[in-house]
Amino acid sequence: MTMRFLFSMTPAFGHFLPLLPLARAFRRQGHDVAVVSAAGMSPLVAPEGFELLPAGPMPDVLFAEVGRKLGINPATEPTPEAVAEFFAGVRVDLSADEALAQAKRWQPDLIVNEMVDFVGPLVAVSLGVPLATLAFGPAVPAEFTDALTAVVRSRYEERGLSAPERTPSGRWLLDTCPPGLQFPDVAVPPSVERIALRPEPHQALDAPTTSGGATPPADGRPRVLVSFGTVFADPAVVGPLLGALTDLDVDVLATLGLDGKPQDYQLDSDRVEFSPFVPLAQLLENVTAVISHGGAGTTLGTLARGIPMVVVPQGADQFIQADRVAASGAGLALAPGQAEPAAIAAALRRLLDEPTFTAEARRISAEVAAMPSPDEVAERLRAEVTG
């Protein structure tokens with residue numbers, strides 16, 4: 001029986017890409033898949049062949065509204081108050097009604113949201129549709145989930161709906177975090193069933209799955225990926241870092257974000273290769289180590305391939321990933337006050353010189369490989385929804 005699965009997400013690359021493996025699995029099994037998010041996500045959603053149900057504005061509008069209300073930018077100052085206002089306040093105010101109208105028309109059998117999307121849960125309660133929430137990294141600390149739940153409560157009440165007591169509030173939590181990267185003693189609400197879901201580095205549609213990081217470079221030099229994602233790839237931050245890395249005996253592959261250009265970095269070195277936006281799985285091929293901002297997708301994708309990391313968090317939830325990578329032994333993390341280019345280069349040198357980091361990254365990779373695949377989880381959810 002063909003079913004309809006609706007994915008609800010914050011309109012940003014880093015919030016959509018972790019949902020893709022499960023969405024693709026549902027489609028492979030013959031089901032209908034749609035995405036409800038801002039119309040500006042069409043360039044990412046349309047090539048997948050999913051229907052986009054446009055609802056609400058892109059992040060620039062949301063950030064501006066939070067700034068107007070609080071005088072804070074949640075991306076660079078991720079306080080619980082600012083984060084809650086962005087995800088559970090402003091975004092719900094400017095997106096939920098359109099999303100509900102779209103979902104009523106599309107009539108999903110199940111809604112899948114990502115952990116900080118609060119539009120999908122409100123739509124699910126309004127329509128009486130079951131909800132599964134995908135967590136794309138280590139558990140969000142309680143100080144943030146409590147603030148998020150408190151802010152969104154009034155949005156439910158003003159619509160005559162029963163407000164959630166805790167986050168996540170759906171029937172299932174799809175947990176992509178391997179045990180070795182998770183905080184100790186993390187619990188989910190008694191009403192929520194946890195289902196482990198194997199994370200994957202983003203890869204091109206229908207690309208063959210590869211292990212990555214397995215083949216050493218032909219010239220024997222370590223190959224290092226420097227990637228600060230699609231939002232935080234600021235040449236003022238990354239450029240000096242790349243300059244410092246040219247003093248090491250390594251080859252560097254540096255990503256340019258969504259629209260960067262090599263000339264933005266004012267760097268003349270045959271040891272540095274620049275790459276436009278391509279899937280992370282492709283970037284990780286033959287890589288020895290990664291220097292990253294610590295985005296959840298980059299972190300889980302890198303460790304899924306058993307590659308150690310130096311994490312230099314810039315904002316958002318990246319400080320959580322940085323903490324867990326360092327605690328796991330699979331890499332090093334530098335706080336903003338410590339993250340001078342020379343210090344990052346020294347951390348990379350240590351990562352390359354001390355084999356324990358690679359050993360711990362491979363341990364986490366083995367944990368990831370043992371987790372249920374997206375196809376297995378898709379089939380389980382289908383079976384549980386149909387009863």
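This report describes one pocket and one helix pair in a predicted model.

## The second largest pocket

In this predicted model, the second largest pocket holds about 540 Å³ of space. Its lining consists of 31 residues, and those that lie nearest the centre of the pocket are Ala139, Val140, Val186, Ala187 and Val188.

Two of the elements that each supply at least two residues of this lining are helix α7, spanning 142-157, and strand β6, spanning 172-175; α7 gives the most, with six residues. Sorted by class, the lining of the second largest pocket has 19 nonpolar residues, together with seven charged and five polar ones.

## The packing of α5 and α6

Two packed helices are described by the angle between their axes and the distance between the axes. For helix α5 (residues 80-106) and helix α6 (residues 119-127), the axes come within 9 Å and cross at roughly 45°. Because angles of 65 to 115 degrees count as roughly perpendicular and those under 35 degrees as roughly parallel, this crossing angle makes α5 oblique to α6. The crossing of α5 and α6 is right-handed.

## Residues at the helix contact

On the side of α5, the contact is made by Arg91, Val92, Ser95, Ala96, Ala99, Leu100, Ala103 and Lys104, while α6 contributes Val119, Leu122, Val123, Ser126 and Leu127. By class, the contact of α5 with α6 has nine nonpolar residues, alongside two polar and two charged residues; the charged residues are Arg91 and Lys104 of α5, and the polar residues are Ser95 of α5 and Ser126 of α6.

Terms used
Residues numbered from 1 in each chain as written. Predicted model: local features only at pLDDT ≥ 70, side-chain atom pairs only at ≥ 80, totals over all residues. Heavy atoms only, no water. 1 Å grid on protein atoms, 1.4 Å probe; cavity = no way out; pocket = protein on both sides within 12 Å on 5 of 7 lines; lining within 4 Å. Points joined across faces, edges and corners; volume = space filled by probe spheres on them. Helix = DSSP H or I, 4+ residues; strand = E, 2+ residues; numbered from the N terminus. Axes fitted to C-alpha atoms, helices over the stretch in contact; angles between N-to-C directions. Parallel < 35°, antiparallel > 145°, perpendicular 65-115°, else oblique. Left-handed = near helix turned anticlockwise from the far one by under 90°. Contact = heavy atoms within 4.5 Å.
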